[in-house]
Amino acid sequence: MPTLVPSPQSLTPASGPPLRLGRQVRVSAPAELPALRPVVACLLDRLHGLEDPPGSEPVPELRLVLGRPDLSALRPAAGLSPHTGLEEGEQEAFELVVTEQGATVTATAAEGLFRGATAFAQLVGPGGEVPAVRVLDGPGLRWRGLSLDVVRRFFPVEQVKRVLDLLALYRFNVLHLHLTDSQAWRLEIDGRPRLTAPENAVESSRNGEGRQYYTQDDYRELVAYAAERFVTVVPEIDVPGHTQAAVRAYPELRGPDEPPHELISYLDPRNEHARRFTAEVFAQVAALTPGPFVHLGGDEAFGMPAGLYARFVTETLATVRATGKRVAAWQEAARSGALEPGDVAQSWIGLGDEFDPERVKASVPAEYHPLVDVAAESFEHAAADTPKAVEAGAWVLASPSSVLYLDRRYAEESADPAQTPRREQVGMPAYTPKSCRELYGWQPRELPEIPAGARLAGVEAAIWCESVTGFEDLAFLLLPRLPGIAEKAWSPRPASWAEHRDRLRAHAPWWERLGWGGYWRSADVFG
């Protein structure tokens with residue numbers, strides 16, 4: 001069975017023997033796309049040890065050809081492109097033909113050629129054998145992302161590159177970097193050195209020794225690495241809540257009122273220092289980011305009066321738009337009444353995961369109960385958030401925690417009993433554990449959290465790192481679940497769990513080769 005994940009819209013076996021590869025395969029690409037050949041050659045080498053030969057030896061060839069394949073049999077893509085900010089075009093669609101003599105990917109754009117080359121890489125079986133097939137494929141949804149929390153656990157540049165490699169393998173096209181929060185500030189801002197000073201990050205958010213933030217050059221390097229793999233970086237600066245790291249570094253950002261709890265802080269729009277700080281930060285982030293979107297957060301501004309919250313978000317929306325960027329924000333931003341049709345509201349509060357103050361109080365010391373009550377006041381308004389965004393005409397990005405938050409513990413056993421203790425340690429205990437099979441049982445257009453009539457931009461998973469102690473824990477939570485999300489976002493025709501599982505089993509060696517050996521040996525998949 002072909003091992004393609006996501007499953008393609010059309011795969012037709014061809015007559016004739018398979019293509020047989022040795023240690024080498026030649027990758028040829030259009031002269032106008034010089035960066036494409038080495039990236040594809042690197043992918044094949046890392047997954048299978050297939051090296052692009054330096055000379056002109058007669059070896060099998062993967063040809064990447066700009067052209068116009070017949071795409072009429074494909075279901076057109078829907079949603080919003082994170083690369084262009086448009087809802088048009090089929091830049092990712094491709095045709096892949098494999099014969100005994102070689103393989104050819106044909107597409108109208110470089111992005112489609114890369115997606116087709118990735119499909120070819122997944123078809124290479126043991127011993128370098130590739131079945132003779134014709135694959136015709138394109139995405140169901142244009143926005144397919146992962147939100148990565150690098151605040152509560154810092155991941156250095158090389159580890160984030162591993163995340164990007166994984167995203168590229170499964171045809172994701174967005175890395176949403178959650179760069180700031182109460183625990184730390186992870187992006188260098190010119191003129192604000194105390195934000196990233198070592199003493200400003202809480203100890204629990206560190207990941208080893210050394211620098212625990214990205215310089216602007218680091219960020220540029222990640223953006224460029226992502227772009228080579230047709231992944232757009234969407235940076236998030238989370239305001240006005242989740243800002244204790246900023247306020248610790250610059251106490252003058254505090255507003256005139258005392259917050260209702262010592263663990264709460266927010267940026268007050270009445271404070272000129274806070275307004276200037278916000279403008280400075282977003283101007284720099286926008287200048288560093290070639291993609292069209294910047295994320296302003298907007299979630300969980302606990303204890304902030306509704307009027308001040310609406311004013312701050314309204315002003316910050318205008319600030320970001322003035323940089324020439326489009327705005328993405330968590331669903332609470334709809335409470336400002338200032339979202340516009342070009343904005344993206346990220347819907348995250350999933351059914352079954354609603355905030356239960358009494359349950360939370362039972363699990364925390366009494367000194368934190370007032371904080372729980374403040375949080376409960378904010379969540380009382382959550383059910384109206386996404387409908388308000390829809391009413392405003394904004395795009396909706398589906399990220400409900402019920403199926404797309406990957407910091408949820410596993411319900412099933414591991415095929416490796418040695419992993420069992422980690423299952424009780426990694427993942428948020430507040431969420432009900434679910435199995436890999438359960439988390440495959442949804443469709444983007446049928447999510448109950450997304451109102452009818454919503455303009456669905458796409459799907460984005462999220463991985464929050466409160467329980468993550470290092471990269472191995474990240475691998476444990478992401479795999480094998482992330483490819484299933486890729487399939488839901490890419491494939492407009494749903495596959496059964498059994499079919500998906502049978503294809504997924506073959507991918508474990510690739511995860512090992514890409515540096516993801518800490519994955520959960522789910523009994524649902526490998527049992």
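Which residues of helix H13 are buried? They are Phe471, Asp473, Leu474, Ala475, Phe476, Leu477 and Leu478, where buried means under 20% relative accessible area, exposed over 50% and partly exposed in between (1.4 Å probe, protein chains only). This is a predicted model, so local features need pLDDT of at least 70 and side-chain atom pairs count only at pLDDT 80 or more, while totals for chains, interfaces and linings use all residues. Residues are numbered from 1 along each chain as its sequence is written, and side-chain values use heavy atoms, with hydrogens and water left out. Helices (H or I, at least four residues) and strands (E, at least two) are DSSP runs, numbered from the N terminus.

**Helix H13 and its surroundings**

- Seven of the eight residues of H13 (residues 471-478) are buried, so the helix is largely enclosed by the rest of the structure.
- Its buried residues pack against strand E9 (143-149), helix H3 (157-169), helix H12 (420-423), strand E16 and helix H14 (482-490).
- Just past H13, in the loop between H13 and H14, sits Pro480; a cis peptide bond with omega of about 15° joins Leu479 to Pro480.

**Nonpolar cores**

- A nonpolar core here is a set of buried Ala, Val, Leu, Ile, Met, Phe, Trp, Tyr and Cys residues joined through side-chain atoms within 4.5 Å.
- The largest one has 157 residues, and those with the most contacts inside it are Leu96, Phe120, Phe155, Tyr214 and Trp516.
- Take Trp516: leaving aside neighbours within four places in sequence, its contacts (heavy atoms within 4.5 Å) include Arg162, Val163 and Leu166, as well as Phe471, Leu474, Ala475 and Leu478.
- Apart from the largest core lies another, of ten residues, among them Val174, Phe293, Ala328 and Trp395.

**Strands and sheets**

- Six strands form an open sheet in the order E1-E8-E5-E6-E4-E3, with mixed pairing; two strands pair if DSSP finds at least two bridges between them.
- Strand E1 (10-13) and strand E3 (26-28) stand at the edges with a single partner strand each, so one side of each is left without a neighbour in the sheet.
- From one strand to the next, the twist averages 10°; axes are lines fitted to C-alpha atoms, for helices over the stretch in contact, and angles run from 0 to 180 degrees between N-to-C directions.
- Inside this sheet, E4 (residues 61-66) and E6 (residues 102-107) pair in the parallel sense over six bridges, with Val65 partnered by Thr106 in E6.
- Elsewhere, strand E15 (residues 395-398) points Trp395 and Leu397 one way and Val396 and Ala398 the other, and all are buried.
- E15 runs parallel to strand E14 (residues 344-347), joined by four bridges, and Val396 is the bridge partner of Ala345.
- E15 also pairs with E16 (residues 455-463) in the parallel sense over four bridges, where Ala398 stands opposite Val459.

**Helix pairs**

- Helix H1 (residues 36-48) packs on helix H2 (residues 110-123) at an angle of about 15°, with axes 10 Å apart.
- That makes H1 and H2 roughly parallel to each other, a label for angles under 35 degrees (over 145 is roughly antiparallel, 65 to 115 roughly perpendicular and the rest oblique).
- Among the residues that meet between these two helices are Leu43 and Leu47 in H1 and Phe114 and Thr118 in H2.
- Thr118 is buried, with a relative accessible area of 1%, and beyond its neighbours within four places in sequence it is in contact with Leu43, Ala168 and Leu169.
- H3 and helix H4 (residues 216-228) pack at about 20°, again with axes 10 Å apart, and are roughly parallel too.

**Loops worth a look**

- Pro240 lies in the loop between strand E11 (232-239) and helix H5 (244-249), and a cis peptide bond with omega of about 0° joins Val239 to Pro240.
- His242 is found in the loop between E11 and H5; its phi is near 55°, a positive value in a residue other than glycine.
- Arg171 has a positive phi of about 65° although it is not a glycine, and at 1% relative accessibility Arg171 counts as buried.
- Glu413 is partly exposed, with a relative accessible area of 43%.
- Glu413 and Trp520 are 107 residues apart in sequence and 9.5 Å apart in space, C-alpha to C-alpha.
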